[in-house]
Amino acid sequence: MNITVCVKQIPDQSIPSELLPDSWRLRRADVNAVLDPGDEYAVEAALKLAEATGGEVTAVSMGPARADEALRKALSMGVHKAILVTDDALEGAAALVTARVLAAAIRKSGGTDVVITGTESTDGYTGVVPQALAELLGSSSLTFAKSVETGGEGITIHRQTDTGYQIVTAPLPVVVSVTAGANQPRYPSLKGIMGAKSKPLEHWSLADLGLDGEAVASSQRVFSVVAAPEKQAGELISDDGTAAGRIVEFLAQLKVI
Amino acid sequence: MNAGPILVFGEVEDGRAAPVSLELASQARRLSDAVVVLAYGSSTEGVDKAFASAGASAVHLAEHPVADRLIGPFAAAAMASLVGAVSPRAILIGATYTGRDVAGRLAVRARLGVIANVIDLMDKDGRLVALNTIFGATQIVESGFTSSSPGIFLVRPKSFEVAAHEGDVAVSRLEPPTDVQDSARIIESHSETSTGPGLEEAPVVVSGGRGLGDASNFALLTELARLTHGSVGASRAVVDAGWVPYSMQVGQTGKTVKPTVYIACGISGAMQHTVGMKGAKNIIAINRDQDAPIFKLADLGVVGDCLTVLPKVIEEIKARQQQG
Ligand SMILES: Cc1cc2nc3c(=O)[nH]c(=O)nc-3n(C[C@H](O)[C@H](O)[C@H](O)COP(=O)(O)OP(=O)(O)OC[C@H]3O[C@@H](n4cnc5c(N)ncnc54)[C@H](O)[C@@H]3O)c2cc1C
Ligand SMILES: Nc1ncnc2c1ncn2[C@@H]1O[C@H](COP(=O)(O)O)[C@@H](O)[C@H]1O
């Protein structure tokens, strides 16, 4: 089984993010960046499928040249090869553009049986790239997977719903988006980290993909960004044995008991 | 400026209009007299009335042709045909699971941009402007589409009130779509809902996080919820740990709740959690750490151990209720 996993590099979320004042874009250039933790679940799911079927995993990313680091992390986890689509014209690309670029890269790489993604990126959280990708590739989509297995007609998942879950199966080719909690992403081993350095990692430009300016033009604009009003501080008490009484009093005041 | 109608995706589940779709119909009506709703679901019998009284001026009813197929890809195809037919000024879709499936595929089919996580939508000088929050809702972003093209606004549930509307509505049937590129089949459906009011409707939500220490301590929350006619929620940390089902998760990747009171027990208050509950009218937080970020939102914050405080709260409410 040929498997492609889509991964994104994002600013490290443990340090406060910042917007660039002139473009309202996320400051990415000089901040510490990591492989999106949400995409680690996708990498793990892809590796498990490959192990079960004897397949190969290709990681694809769209981002600045330094997104290499995130791809190296995926390679060190066990991914076989990686492709980075990087082009100045892609800065600030919206979801539809991202999906077009990823679809074109997957086609150029020779196509794939299964595409695995996260459900949403941690920095942008649009959460529609997987579905857009499926439509572009003419694939079925298995979204919001809490578990992924081979079997059934090709791939079978437990799909999260508002009230529980569904068991859904689809033939190949298919795009699968996995949620956090679908698995426990592995840590790269020392051997994996050393090995990752010699695994193939290619850089492609928009021209390499045969995409023109129109395909990557965005129709969205940010008009302004302002600070949200801060909430007034409330009452803060230390529990000296009377806190429960104060809570009950408050609930009674609100007429919920 | 495009003067077309606003097109709303009307999600229909178990024969009922999804609350978020009604919210969107009402907001669309505040912005335009022409509100076209595609009501899509396995059975759409009578839902035109619900959409009309929320603000729709036209409702297209489309029945899902095959019960064991996922709704999203089919509804996206139906939406795409309506986009072609009515040339909307904007498309509103609720950010549910199905809604996200529809938005992603529709974006490709109709060549439309998507603005996600929308919490407010307004008309500014003839232009639709969406608000969403970033960085843990500390910053508000105003964005929209360039004037020549409409786009999809993916809106978080509970962003708008449903307002009763009276007026004429044109109802028609739409043939089910045929050109769908998706062969996924549903084999089984499982529901994990508990008794009592649903998390999103409950006047009181009692939520627990990792600070509860152990899954069995959720029994305290269930008891407090029972006494307050509330519902139990959870942080993602404990959902991921398998203590409680995902259907109880509150936050960015879970449910959005706006109860009269939200009681956060042993929850630190990470921004991905607070975006799902900061709209609560009143917030009570119990946390051992006086610097926990949840206290910044709390109307009443208790620095203490929830395993000591909660049993006492339960005891005192019971005592009151016996007296009363
Ligand atoms: C893309 C993404 C999406 C996410 N979506 C969500 C989401 O939808 N919902 C969500 O909740 N999270 C979400 N998260 C996770 C979020 O960032 C936090 O990790 C999570 O909310 C933390 O859960 P917690 O507060 O239960 O645990 P912790 O952060 O571990 O906090 C536990 C708290 O309990 C306190 N405590 C410990 N013992 C006691 C005691 N005996 N009595 C009282 N207090 C005690 C501690 O002081 C601490 O503050 C998301 C993360 C990402 C990256
Ligand atoms: N620039 C990107 N490069 C590779 N994959 C991406 C990129 N952006 C989004 N994705 C994939 O699409 C998923 C959903 O992202 P989004 O729709 O942007 O929230 C992510 O978890 C990734 O798997």
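**Exercise 1. Place B:Ala52 in this predicted model: find its element, its exposure and its partners from elsewhere in the sequence.**

Step 1. Start with the secondary structure. B:Ala52 sits in helix 2 of chain B, which spans residues 47–54.

Step 2. Next comes exposure. The relative accessible area of B:Ala52 is 12%. Buried means under 20%, so B:Ala52 is buried.

Step 3. Now look for partners, leaving out residues up to four places away in sequence. B:Ala52 touches B:His165 and B:Val169.

Step 4. Take one of these partners and compare sequence with space. B:His165 is 113 residues from B:Ala52 in sequence, yet their C-alpha atoms are 7.2 Å apart.

**Exercise 2. Is B:Gln249 buried or exposed, and which side chain does its own side chain join in a polar contact?**

Step 1. Locate the residue. B:Gln249 belongs to the loop that runs between helix 6 (236–240) and strand 15 (261–265) of chain B.

Step 2. Check the accessible area. With a relative value of 3%, B:Gln249 is buried.

Step 3. Follow the side chain. It makes a polar contact of 3.1 Å with the side chain of B:Thr253.

Step 4. Add the other contacts, setting aside neighbours within four places in sequence. B:Gln249 then meets B:Ala234, B:Arg236, B:Val239, B:Gly254 and B:Lys255.

**Exercise 3. Describe the surroundings of ligand 2: its closest residues, its polar partners and the make-up of its shell.**

Step 1. Begin with the shell. Ligand 2 is surrounded by 20 residues, and the closest are A:Cys6, A:Val7, A:Asp39, A:Ser121 and A:Gly127.

Step 2. Turn to the backbone of chain A. A polar backbone atom of A:Met62 is 2.9 Å from a nitrogen atom of ligand 2. On the oxygen side, a polar backbone atom of A:Ser121 lies 2.8 Å from an oxygen atom of the ligand, and one of A:Val129 lies 3.0 Å from an oxygen atom of the ligand.

Step 3. Ask how much of the ligand is covered. On its own, ligand 2 has 480 Å² of accessible area, and the protein covers 97% of it.

Step 4. Trace the shell back to its elements. Two or more residues each come from strand 4 (56–62), helix 3 (95–108), strand 6 (114–118) and helix 4 (129–137) of chain A. Strand 4 gives the most, with 3 residues.

Step 5. Sort the shell by residue class. There are 9 nonpolar, 8 polar and 3 charged residues.

**Exercise 4. Describe the surroundings of ligand 1 in the same manner, and say which chains it lies between.**

Step 1. Find the position. Ligand 1 lies between chains A and B.

Step 2. List the nearest residues. There are 25 residues around ligand 1, of which B:Ser235, B:Thr253, B:Ser268, B:Gln272 and B:Asn287 come nearest. You have met B:Thr253 already, as the side-chain partner of B:Gln249.

Step 3. Look at polar side-chain atoms. The side chain of B:Ser268 has an N or O atom 2.7 Å from an oxygen atom of ligand 1. B:His273 also places a polar side-chain atom 2.7 Å from an oxygen atom of the ligand. For a nitrogen atom of ligand 1, the side chain of B:Asp305 offers an N or O atom at 2.8 Å.

Step 4. Consider the coverage. Ligand 1 taken alone exposes 990 Å², and the protein buries 82% of that.

Step 5. Name the contributing elements. Helix 6 and helix 7 (271–274) of chain B give two or more residues to the shell.

Step 6. Sort the shell. It holds 5 nonpolar, 15 polar and 5 charged residues.

**Exercise 5. How many disulfides does the whole structure have, and why does B:Cys265 not bond to B:Cys306?**

Step 1. Search all chains. The result is 0 disulfides.

Step 2. Examine the pair. The closest cysteine sulfur to that of B:Cys265 belongs to B:Cys306, at 5.8 Å. A disulfide needs sulfur atoms within 2.5 Å, so this pair is too far apart for a bond.

Step 3. Check exposure. B:Cys265 is buried at 0% relative accessibility. A:Cys6, one of the residues closest to ligand 2, is buried too, at 6%.

Note on methods:
Residues numbered from 1 in each chain as written. Chains lettered and ligands numbered in written order. Predicted model: local features only at pLDDT ≥ 70, side-chain atom pairs only at ≥ 80, totals over all residues. Heavy atoms only, no water. Helix = DSSP H or I, 4+ residues; strand = E, 2+ residues; numbered from the N terminus. Buried < 20%, exposed > 50% of the residue type's maximum accessible area, 1.4 Å probe, protein only. Contact = heavy atoms within 4.5 Å. Polar contact = N/O pair within 3.5 Å; in protein donor to acceptor, adjacent residues only side chain to side chain. Near = heavy atom within 4 Å. Areas by Shrake-Rupley, 256 points an atom, 1.4 Å probe, with all protein chains shown as cover. Nonpolar A, V, L, I, M, F, W, Y, C, P; charged D, E, K, R; others polar.
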